[in-house]
Every structure is written in structure tokens, then in C-alpha cells.
Amino acid sequence: MPAIEGWFTIDDEPVLLGNRCTSCRTVYFPKASFFCRNPDCDGEEFEEARLSRRGKIWSYTDAQYQPPSPFIAPPGDYQPFAHAAVELAEEQMVILGQVASGFGVADLEVGQEVELIVEELYSDDEHDYLVYKWKPAGAERDGVRA
Ligand SMILES: [Zn+2]
């Protein structure tokens with residue numbers, strides 16, 4: 001199950017769930033509520049939007065310290081990871097996410113195509129808690145659950 005309810009689905013393959021203003025068609029992730037944040041729009045109605053599963057790296061960085069909330073830290077020692085801001089062409093938006101484990105900044109470059117995967121953040125007796133991550137498109141790695 002997703003560690004944060006409602007941010008993505010994994011029916012067949014992982015897909016981020018945003019929503020789209022029915023007036024101006026602007027897409028939001030995480031979902032907008034109550035009113036559209038487009039200053040030129042007074043829309044208040046939204047429909048679910050399934051975001052593109054592939055995008056291009058717009059920027060990336062190393063997270064050498066634990067990010068603030070809503071980042072959910074797995075139990076145990078903090079493990080540095082890379083995260084990437086990924087531009088989705090169709091939605092014209094940038095989605096920040098962790099980079100798949102096993103990949104570091106040395107594996108990334110601006111403009112590189114990445115795809116959405118989910119990985120286990122932690123598990124308890126009842127559930128595996130999943131987070132979405134960006135993985136270099138086409139790259140192979142052991143342990144990917146996508
Ligand atoms: Zn709008």
C-alpha cells in the first residue's frame with residue numbers, strides 16, 4: 001500500500017495520481033482541493049488525473065541529510081539518496097521524487113529520461129509500505145518491484 005494514501009496507484013504499473021481543474025485544465029500533484037491555484041482561473045471542480053509515467057530530469061541533487069516532512073524516513077539509520085525533479089511534458093509540471101535505490105547522482109544527468117517505479121519503504125506484519133521513485137528509463141537493477 002502507498003505510504004502516503006492517494007498519491008499513486010499500482011493497479012498494473014505505478015501511476016501518480018493528481019487532479020486536473022475542469023475549467024483551465026491545469027494539473028496538480030499532490031491534488032489541489034477547494035480551488036484552482038491558477039491566478040487566472042476561478043475553477044473549483046477537479047477530476048482525477050493519471051500523470052505520465054515517464055519524464056525528463058530537470059534537476060537532481062544528493063540528499064545527505066534527512067528531508068523534512070512529508071518525507072517519511074524508514075526505520076534505522078538514514079541512508080543518503082539522490083532525488084530528482086522530473087519534468088512531465090504533457091502536464092507541464094515538475095515532480096520531485098527520490099531516485100530508485102541503487103542509483104546515485106553519478107548515474108543521472110539533466111535531460112535524461114526516467115520512469116516511475118515503486119519501492120518498499122518499510123514493512124510491518126500486515127503491509128508493505130511503498131513510495132514512488134524515479135528510475136533511469138531502461139536501466140536494469142535487482143530488486144525493483146514495479
Ligand atoms: Zn483552473
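These questions and answers walk through the structure shown above.

User: What kind of model is this, and from what number are residues counted?
Analyst: This is a predicted model; local features need pLDDT of at least 70, side-chain atom pairs count only at pLDDT 80 or more, and totals for chains, interfaces and linings use all residues. Residues are numbered along each chain as its sequence is written, from 1.

User: In what order do the five strands close into a barrel?
Analyst: Strands here are DSSP runs of E, at least two residues long, numbered from the N terminus. Two strands pair if DSSP finds at least two bridges between them. The pairing in this barrel is mixed, and the order is β5-β6-β7-β9-β8.

User: What is the average twist from one strand to the next?
Analyst: Axes are lines fitted to C-alpha atoms, and angles run from 0 to 180 degrees between N-to-C directions. From one strand to the next, the twist averages 40 degrees.

User: Do β7 and β9 run parallel or antiparallel, and which residue of β9 partners Val99?
Analyst: Strand β7 covers residues 93–99 and β9 covers 128–136. Two bridges join them, and they run parallel. The bridge partner of Val99 in β9 is Trp134.

User: How many bridges join β6 to β7, and which residue of β7 stands opposite Val86?
Analyst: Strand β6 spans residues 81–88 and runs antiparallel to β7. Six bridges join the two. Opposite Val86 in β7 stands Ile95.

User: Which residue in the turn of the β6–β7 hairpin has a positive phi?
Analyst: Four residues lie between β6 and β7 in this hairpin. One residue in the turn has a phi of about 55 degrees, and it is not a glycine. It has 9 C-beta neighbours inside 10 Å, so it counts as exposed (12 or fewer). The residue is Gln92.

User: Which residues touch the most other members of the largest nonpolar core?
Analyst: A nonpolar core is a set of buried Ala, Val, Leu, Ile, Met, Phe, Trp, Tyr and Cys residues joined through C-beta atoms within 7 Å. Buried means 20 or more other C-beta atoms within 10 Å. This core has 24 residues, and the ones that touch the most other members are Ala84, Val86, Val99 and Trp134.

User: Where does this core lie with respect to the domains?
Analyst: Domain bounds come from an automatic or database domain assignment. That assignment gives domain 1 (8–50) and domain 2 (54–136). Both domains give residues to the core, so the core lies between them.

User: How many residues of domain 2 are in contact with domain 1?
Analyst: Contact means that C-beta atoms, placed from the backbone, lie within 7 Å. The C-alpha centres of the two domains lie 21 Å apart. Domain 1 brings six residues to the contact, and domain 2 brings eight.

User: Is Asn38 buried, exposed or partly exposed?
Analyst: Asn38 sits in the loop between β3 (27–28) and β4 (46–50). Leaving aside neighbours within four places in sequence, Asn38 is in contact with Cys21, Cys24 and Thr26. It has 15 other C-beta atoms within 10 Å, which lies between the limits for buried and exposed, so Asn38 is partly exposed.

User: How far apart in space are Asn38 and Arg25?
Analyst: Arg25 lies in the loop between β2 (15–21) and β3. Asn38 and Arg25 are 13 residues apart in sequence. C-alpha to C-alpha, their distance in space is 9.9 Å.

User: Which peptide bond is cis, with omega near -10 degrees?
Analyst: Pro30 lies in the loop between β3 and β4. The cis bond runs from Phe29 to Pro30.

Definitions and conventions:
Two residues are in contact if their C-beta atoms, placed from the backbone, lie within 7 Å.
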